[in-house]
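Student: I am new to this structure and would like a close look at a single part. Please start with one helix and work outward from there.

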Amino acid sequence: MFSSLIVNSFLNGSIYMLLAVGFSLTFGVAGVVNLYHGAYYMVAAYLAYAMFYIWSFPIWLASILSVFIVGALGVFMMRVPLAYLKNTKKESSLLIFTLGASYFTEYLLRLIFGARHYSLPSFFGQSVSVLGETVPGSRAFATIVSIVCVALLIVFLKTSRMGKEIVATSQDRLGSESIGINTTRVFSITAFVAAALAGIAGVAVSPFLAISPGMWLPALIKPFSIVILGGLGSIWGTVIAAFLMGFGETLVATYWSPNFSEIVFLVAVILVLIIKPAGLLGVKKT
Amino acid sequence: MRRKIFALFMIGLVVLLLLLPVVRDDLYLLTILSIALCYSVLAASWDFFSGYTGRENFGISAFVAVGGYLVGLVTSSFNAPPILSILMGFILAGIVGFLIGLPTLRLRGPYFALATLALVTIAENLVLAFARVTGGEDGLYGLPYLTVTIEGSYYYVLIFAIISIAILFLIGRSNFGLILKAINSDEEATRSSGIRVTKYKLLSLSLSAAFAGATGALLAHFYGYIGRDVVFQSNLLIIIMATVGGTGFVLPAALGGITISLLTEYIRAFGELKNLTYTALLMVMILFVPGGLFSFVFAKKASRKRGVPNE
């Protein structure tokens with residue numbers, strides 16, 4: 001029982017981490033709270049489904065293509081409507097716009113695919129044994145993909161020139177511009193990375209979680225809670241918070257009721273907001 | 001001048017709505033107008049907090065749910081007139097709004113918006129988890145109607161709407177509303193001029209939630225039913241109504257509520273396309289008509305701004 005708890009919370013936590021890192025990055029770098037983040041996750045899953053079953057692409061090609069298309073969608077959102085709304089200096093209209101766009105995408109997908117639930121075939125059929133627990137291969141695969149992606153992102157931010165430019169922009173936009181960093185390009189790349197990471201999460205979970213038109217909302221609320229818990233702009237805070245949330249949620253779902261697992265997120269958020277508004281590892285921005 | 005014409009228009013609209021049942025004996029029209037009026041109160045109460053303070057409340061249906069499901073609870077245990085459960089919905093939703101705002105409103109930026117978005121999901125999960133009280137998926141049927149006739153219910157809703165919108169509008173025009181707008185344009189400056197910012201935001205949210213809760217109770221009595229479809233599907237719609245009408249002045253948002261609700265009746269045939277149309281409309285409005293359809297009446301003249309440095 002206990003080892004299943006640990007294994008399941010680790011599996012859930014890794015997916016949350018993948019979603020939350022992109023969300024946090026977009027906010028940290030571009031100062032944009034993109035409520036469309038959950039929709040990237042959903043669109044990628046539907047695209048992969050459509051390419052695999054309708055146009056019968058091989059599964060690996062369908063997955064990679066859909067992740068790239070969603071990344072491009074992320075760049076488009078950042079460059080066109082979000083950049084325009086950011087210039088009007090009304091932060092609140094940006095929130096309503098991205099929320100409206102998420103619902104628009106949901107209704108569009110509902111129109112095309114119906115309210116039915118879909119799923120992709122497993123990427124990795126063999127089930128594996130972890131801590132005496134049998135884990136389906138697709139879930140183990142999703143976990144490994146998440147961890148590899150986040151590790152690659154950290155390495156990219158720490159070592160590459162582009163990554164350093166992204167970090168510099170998140171610390172001081174004006175300062176970065178004055179030393180010759182093209183911040184518009186930085187925003188585009190950040191948007192691409194964030195959307196692609198959400199897309200990878202969406203494709204990776206679709207063999208074992210249903211692809212459905214309402215899937216974007218939990219994929220938005222959970223990363224958001226995690227980002228608040230971990231502190232905005234802190235990648236390590238996000239990683240730790242993601243696993244904590246995965247643990248809390250699995251604990252409640254196992255011992256109480258799955259209906260209450262989302263409540264854990266809000267209660268945790270409210271507690272953190274009261275006790276330490278900047279998050280567990282966050283730095284207070286002035 | 002524009003304001004005088006608008007005031008005349010509003011008085012004319014109210015007189016028209018009051019006389020309508022006498023002139024036309026169309027029960028279908030009265031029903032959809034009653035629902036439209038309920039939505040106009042919801043849009044106005046959303047605007048009273050979010051439009052004034054600039055903090056987006058994405059969870060107004062949670063407050064509607066408080067009022068609506070309270071009716072089910074109250075009427076199952078004792079026989080109370082609708083006015084009593086509406087008042088109780090008002091008070092209870094106000095308290096819930098206060099408790100939600102207490103931790104979340106202290107923060108700036110998007111935290112509040114996202115917390116309220118989570119709030120709706122949680123409210124919906126709670127409704128499902130406590131199906132014994134709320135009816136779960138099916139909802140609660142057989143609640144007592146407002147009055148025995150449709151005309152009577154129409155007048156009930158109309159008077160409720162006039163009173164609620166008038167209260168919200170008048171408070172919005174008072175110093176209280178002015179302080180809320182000051183908070184919207186510069187929270188730090190408002191704080192440093194000695195105004196207790198959090199107190200005003202909390203009061204505004206509680207009042208907004210209270211009116212949403214009262215309307216939830218009213219809707220439950222009007223339909224004789226309360227369920228997830230009534231409560232939670234309206235969440236985004238209320239925001240669309242207020243944004244399309246125009247935020248920050250109560251009346252334009254209320255007019256947006258009436259317009260969109262009536263429009264809903266006429267594009268019902270669109271089915272699934274209806275929601276798509278609304279969300280597309282919302283995005284287009286934010287990008288190209290950010291002030292909304294009706295707020296031009298209250299907007300300052302453009303010429304006055306000339307020569308003033310950027311805000």
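Tutor: Take helix α7 of chain B. The buried residues of α7(B) are covered by elements that include α1 (2-23), α2 (27-53), α8 (175-185), α10 (197-223) and α13 (251-266) of chain B. Keep in mind that this is a predicted model. The buried residues in question are B:S153, B:Y154, B:Y156, B:V157, B:F160, B:A161, B:S164, B:I165, B:L168 and B:G172. To read their spacing, recall that an α-helix has 3.6 residues a turn, so residues three or four places apart point the same way. As for dimensions, α7(B) runs over residues 150-173, which is 24 residues. From first to last C-alpha the helix reaches 34 Å, close to the 34 Å expected at 1.5 Å a residue.

One of the covering helices, α13, leads to a further detail. In the loop between α12 and α13 of chain B sits B:V250. Its phi is near 60°, a positive value in a residue other than glycine. B:V250 counts as buried because it has 29 C-beta neighbours inside 10 Å, where 20 or more are required.

From that loop, move on to the side of chain B that touches chain A. There, 32 residues of chain B are in contact with 36 residues of chain A. On the chain B side, α4 (82-104), α5 (111-129), α12 (234-245) and α14 (272-288) each supply at least two residues. The largest share, twelve residues, belongs to α5(B). By class, this side of chain B has 23 nonpolar, seven polar and two charged residues.

Across in chain A, helix α9 makes a useful comparison. Twelve of the 13 residues of α9(A) are buried, so the helix is mostly covered. Among the buried ones are A:K222, A:P223, A:F224 and A:S225. The end C-alpha atoms of α9(A) are 18 Å apart, which agrees with the 18 Å that its 13 residues should span at 1.5 Å a residue. Just after α9(A), A:G231 has a positive phi of about 100°.

A partner of this helix is α2(A), residues 37-54; its axis and that of α9(A), residues 218-230, come within 7 Å and cross at roughly 135°. The two helices are therefore oblique to each other, and the crossing is right-handed. At the contact, A:H37, A:G38, A:Y41 and A:M42 of α2(A) meet A:A219, A:L220 and A:P223 of α9(A). These residues divide into five nonpolar, two polar and no charged.

In the loop between α2 and α3 (59-87) of chain A lies A:S56, which has a positive phi of about 40° although it is not a glycine. A:S56 counts as exposed because it has 8 C-beta neighbours inside 10 Å, and 12 or fewer is the cut-off.

A second helix pair in chain A rounds off the tour. Helices α1(A), residues 2-30, and α8(A), residues 183-205, pack at about 165° with their axes 9 Å apart, which means that α1(A) is roughly antiparallel to α8(A). Their crossing is left-handed. The contact includes A:F23 and A:L25 of α1(A) and A:F187 and A:L197 of α8(A). It has 18 nonpolar, three polar and no charged residues.

Key. Residues numbered from 1 in each chain as written. Chains lettered and ligands numbered in written order. Predicted model: local features only at pLDDT ≥ 70, side-chain atom pairs only at ≥ 80, totals over all residues. Helix = DSSP H or I, 4+ residues; strand = E, 2+ residues; numbered from the N terminus. Expected span 1.5 Å × (residues − 1). Contact = placed C-beta atoms within 7 Å. Nonpolar A, V, L, I, M, F, W, Y, C, P; charged D, E, K, R; others polar. Axes fitted to C-alpha atoms, helices over the stretch in contact; angles between N-to-C directions. Parallel < 35°, antiparallel > 145°, perpendicular 65-115°, else oblique. Left-handed = near helix turned anticlockwise from the far one by under 90°.
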